Each structure stands twice: as structure tokens, then as C-alpha cells.
Amino acid sequence: MGVDLAGLAEAFAAAFDGRTPTHRVHAPGRVNLVGEHLDYNDLPVLPMALQRGITLALRPRDDETVRLVNLDPAYPPVTFEVGVGLEPDGGGAWGDYPKAAARELARRFAVYRGFDAVVASDLPPAAGLSSSSALTNAVGLALCEIGLVGLDALELAGVMAMAEHFTGTMGGGMDQAVTLAGRRGHAARIDFRPLRVRHLLVPEDWRFVVADSGVRAEKSGPAQAAYNQRRAECGEALESLCLVLARDGHVDELPRSYPELLRAVGSTQAVLAFGEEYLDGALLKRFRHVVSEAARVEEARDALMVADIMAFGDLMNASHGSLRTDFLVSSGPLDRLVAIALEGGAVGARLTGAGFGGCIVALADAGTVDGVVDALGRQPPPPLADVPVDRRVFVAEPSDGAVFEAWPA
């Protein structure tokens, strides 16, 4: 895979009156290993940046116009003026993600200078690998560099996380942080409030295999509504439980976040016990996933640091079970891919990303990875029957974060 830079330059010339690009921006996708639906609850996550992502061939302009041409004909050209008055088109329009970056940077830093760009991707769209956040980050990084806004990777990640709410999805900051601050060969333990990243070396013989279910995990329509509903339920469960615990004297002060609740009570098991006592129905299920998943992130970090592949795989399996039964974001196609990966020799597998479709990630080692890839490749889901194997199943390489650089000579 990878993007053909020569072809990208030719496409740029064809789109923009024979001109040549002056800069290249690349923002990777990401695969989350453990820690799903935790970032917007201010709890740590454990993703890694991918070798695949979004690439822009661009040339700065002397005005505030941004013109974008996507190599994928499914996405029509987009033109807008950088400014605080931008409004979303809605309905999952791909141009809302560049607009999100432009509007937020204009609001915070008075950025105004635009650019012409051709957009290429070697990520499957709407597959839970953060192609939309990669696009937002790529445009945001470009606007900062052109506009001489001096933000480091984590500062920009925080701005872009807020920017993406413009699109209607009330996400957290995981995708922005790892796609901007990823490090080759490492996973990223990301904490929030304040945003912090600790890079953890991935053992040399571990292999993470990504497989697409073929069910698009769109960040619009019913999927967006379901995602936002999960976030609201997590917040409602937290508020309800904390009020009861404070009323009954179980905590000295009213916790305002999941991290504060965990610190006040003192142990995961005690927090889960309080949840079982005072919550029920959907709120209990969402709460149980969030608290147990946070514990799995801590255990996964420890397993990664001592290269305990079996323990890490068990945590991935437990994560998928929780996402399936308590968070209700898995599906038949995702569950089947998880089963195929495990039967093919993986030690663990789970859906990755928000769910409602998209991809799974499976863990193997250097000796078993070919069997896992072959098993997943032999049984393409119906929507992907005619898609080349390397487009729907690939071995993820932990990669560096986004880069803005002069166009290669």
C-alpha cells in the first residue's frame, strides 16, 4: 500500500492549472489496542498510530480559500473560506472535517491563510481506523504551519479534539493525540486532563492484524446518534452514582469525573460493587464497561511492558466481550471476524474503534501471524468479496505521528 507521490503530484497539476505542490502532509490512522469509549470519560487508552493514513499534496495560497480535491471520486471537491463563520454541511459530508479544523484555528488563533490540496488515503473509509480524524489533523497541521501557529503535537491534538465536535460527533481526544504524537515502534498510553502521552515499546515479535468487517462505521446518522447516546449514558451513570455515594457518606467530596470517582473509592472492585448496588439497566451496563475497561488498560500496559502476549490477548478478548454485552456496539460481522482470528491462531481479538461496524484487531506473534492473516483473508465478508485482501486485512505497524514537510525533490 502507500500513496504514490508522483501520481499525487500529477493529480495536483490536473486539478490546479498545472501548478506543482510545495508541501506534503501525512497524518496516520490509528488502531486502538485496549481502552474503547474511555477518552471522552477522561480515562486512559492504549492505541498506536498506523503506517496507513491521509496524505495531502498542497500549495499555500495568499488568501483565505481552501480548495480540496479527493482522489476518491466518491468524495466531491470542497471549497471554503477559513473563518469563524463556517457551518457544517451535515449528513456525514467529508468536507466538514477540514472545515472543523479551519473554524477552530480561526477562532483561537486568527488563522486565515488557505491552500490548494489533493487528498489521498490508503485507509478504508468509515472503518474505525480514524480516517476522519486523520483528515482533520492533516488540515489542522497544514493551516498551523502555513499560518505560523507554533503548537506542539499535544497542543494541536487538544485543539483538534474540540474542533471535531463541529461535525456532530462528541468524541474524546484519543484519535487526535495518537495520530499527531505517535512514535514508530511504540504504542501510546494516553491520559487526559491534562493530555499526556507515554510511549511504550511494542515487543519485536508481536503482530497486530487489522481486518475490516465491510460494515461502514459512519460518523453520521444512526451511528453518530448511538455514539453520542453512549457518551450521555456514561455521564448520567457517573452523576447518578456519585450523588448517591456522596449522600450516603461513601466519599468525602462529590466526584466530578471517572478518575475522581476511582481515586475517591480506592479500587476498581469497590467502584464496580457500588455500581451494581445503585445502578441498573443500561446505565449499569455502560458504567460497568467503562470502569472494567479502564482497569484492562492498566493491566494491558503492564503486560506490554513485560512482553506477556498471552495476558495482553486475554485482555483484548475481555474487552470485546464487554463491548458486545455491556456497551452494545459490536455486531454479527465483527463477532465473526473475532472468532475467525482466534481460530486462526490469534491470542486475542476485539473490535477497534467506536464499533457499530468497522474493523477488528487481533494479536499474534511472528510465528502465527501468517495463519491469522490467511484465516481472515479466506473468508471475506459479503460487502468486501471483491476487495483485494491487502485492502481489508493487514498487519499494523506502529508508526510515527503526523508530518508536514517540503514536497520531495
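What follows is a walk through a sheet, the helices packed on it, and the nonpolar and aromatic contacts of this structure. Keep in mind that this is a predicted model.

Let's start with the sheet. Four strands make it up, and in order they run β9-β10-β8-β11. The sheet is open and its pairing is antiparallel. At the edges sit β9 (348-352) and β11 (393-396), each with a pairing partner on one side only. Ignoring direction, neighbouring strands are turned by 25° against each other on average. Zoom in on β8, residues 206-212: with β11 this strand pairs in the antiparallel sense over 4 bridges. Within that stretch of the model, you'll find Ala211 opposite Val393 of β11.

Now for the helices that pack here. Helix α12 (residues 369-378) touches β8, β10 and β11, and its direction makes about 5° with that of β8. Helix α11 (residues 332-343) lies across β8, β9 and β10 (359-365) and runs at about 155° to β9.

Next, the nonpolar interior. The largest core counts 123 residues, and Leu56, Phe115, Phe208, Phe312 and Leu376 have the most contacts inside it. Helix α9 (residues 281-305) supplies the largest share of this core, 10 residues. Apart from it there's another core, of 8 residues, with Ala11, Phe16, Ala57 and Trp407 among them.

Phe312 deserves a closer look. Beyond its sequence neighbours up to four places away, Phe312 touches Leu33, Val34, Leu46, Trp206, Phe208, Ala300, Ala303, Leu304 and Leu363. Its relative accessible area is 0%, so Phe312 is buried. Phe208 counts as buried too, because its relative accessibility is 2%, and the cut-off for that label is under 20%.

How many aromatic pairs does the whole structure hold? The search turns up 8. In one of them, the ring centres of Phe208 and Phe312 are 6.0 Å apart with planes at 65°, so you can call the pair edge-to-face. Since Phe208 belongs to strand β8 and Phe312 to helix α10 (residues 309-325), the pair ties together parts 104 residues apart in sequence. Add Trp206 to Phe208 and Phe312 and you have one aromatic cluster.

Another pair joins Tyr258 and Phe287: with centres 5.9 Å apart and planes at 35°, it comes out as tilted. Tyr258 sits in helix α7 (residues 258-265) and Phe287 in helix α9, 29 residues apart. Both Tyr258 and Phe287 are buried.

One last stop involves a charge and a ring. The charged end of Arg52 sits over the ring of Phe394, 4.0 Å from the ring centre.

How values were computed
Residues numbered from 1 in each chain as written. Predicted model: local features only at pLDDT ≥ 70, side-chain atom pairs only at ≥ 80, totals over all residues. Heavy atoms only, no water. Pairing = 2+ DSSP bridges. Helix = DSSP H or I, 4+ residues; strand = E, 2+ residues; numbered from the N terminus. Axes fitted to C-alpha atoms, helices over the stretch in contact; angles between N-to-C directions. Contact = heavy atoms within 4.5 Å. Core = buried A, V, L, I, M, F, W, Y, C linked by side-chain atoms within 4.5 Å. Buried < 20%, exposed > 50% of the residue type's maximum accessible area, 1.4 Å probe, protein only. Phe/Tyr/Trp six-rings, centres within 6.5 Å; stacked < 30°, edge-to-face > 60°. Lys NZ or Arg CZ within 6 Å of the ring centre and 35° of its normal.
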